[in-house]
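Morning, everyone. I have one model to go through, and I will keep to one buried position and the salt bridges.

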Amino acid sequence: MDNFSLIESDFVFPQRLTLFEQVSKTLAEMICHGKWAPGEMLPNEIELAHSFNVSQGTMRRALNLLVDKGALIRRQGKGTFVAEMRANEAYFQKRYIKLVPDDPEKDECVPTATKLLFFDRVVAPLEIQTILKQTSEDLVVHTARALMASSGLVTFDEIWARGKEFEKLTQENLLNHKEKLLYSTKPN
């Protein structure tokens, strides 16, 4: 046993989720798979807690996580609803695109122009195929955009998207999308 030694990399410690995080993750997956549509009201906390076999407090914390992430919206006295991107564009812009200029006197707070650098439907490199669970016969969307302000380049987005899920996406509707977001809950 003299030559036996352990190093930190010999141990794998999977991240354990709390019960409310597990419930929140399951709810998010259910929303993604269409259990509730954008704008649709979820059952109340008591009903959801009963269906998940958890306490109402656990369900409340799970729902709060999704509210904090912008996936759900609570309306006082009405209920909890699946967020709609169109109705919450300002929220998503504020939450996910927090651009503040170095010099507010000279620069805008948000990008003012989008430049499409390229838009292609291609067979992805092996690494991207693996990540997107595609085969060498599947076409994917590969595109890049630059967001500009008067001071110059603000962000550069390179996107690889599964072709089937984005079959209606074209260079024109990406450039002219009303919401200025790639992901929309309803088609233009």
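S24 sits in helix α1, which spans residues 19–32. This is a predicted model, so please keep that in mind throughout. Is S24 buried or exposed? Its relative accessible area is 3%, and because the cut-off for buried is under 20%, S24 counts as buried.

What does the side chain of S24 reach? The partner is the backbone oxygen of A62, at 3.2 Å. If we set aside the neighbours within four places in sequence, the contacts of S24 are A62, L65 and L66. So A62 turns up twice for S24, once through its backbone oxygen and once in the contact list. That is the serine.

Now the salt bridges. How many does the structure hold? There are four, and I will go through three of them, starting with R60 and E45.

R60 and E45 form a salt bridge in which the closest N and O atoms are 2.9 Å apart. R60 belongs to helix α3, residues 56–68, and E45 to helix α2, residues 45–52, so this pair ties together parts that lie 15 residues apart in sequence. The two ends differ in accessibility: R60 is partly exposed at 37%, whereas E45 is buried at 13%.

E45 has a second partner to mention. Its side chain also meets that of R74 in a salt bridge, with an N to O distance of 3.2 Å. Here E45 is in helix α2 and R74 is in strand β1, residues 72–75, so the parts tied together are 29 residues apart in sequence. R74 is partly exposed, with a relative accessible area of 33%.

Which residues are linked in a network of salt bridges? They are E45, R60 and R74. In that network the glutamate, E45, is buried, while the arginines are partly exposed, R60 at 37% and R74 at 33%.

The last pair on my list is E165 and R162. Their side chains meet in a salt bridge at 3.2 Å, N to O. R162 is partly exposed, with a relative accessible area of 29%.

To recap: S24 in helix α1 is buried and its side chain reaches the backbone oxygen of A62. E45 pairs with R60 and with R74, and E165 pairs with R162. That is what I have for today.

Technical notes. Residues numbered from 1 in each chain as written. Predicted model: local features only at pLDDT ≥ 70, side-chain atom pairs only at ≥ 80, totals over all residues. Heavy atoms only, no water. Helix = DSSP H or I, 4+ residues; strand = E, 2+ residues; numbered from the N terminus. Buried < 20%, exposed > 50% of the residue type's maximum accessible area, 1.4 Å probe, protein only. Polar contact = N/O pair within 3.5 Å; in protein donor to acceptor, adjacent residues only side chain to side chain. Contact = heavy atoms within 4.5 Å.
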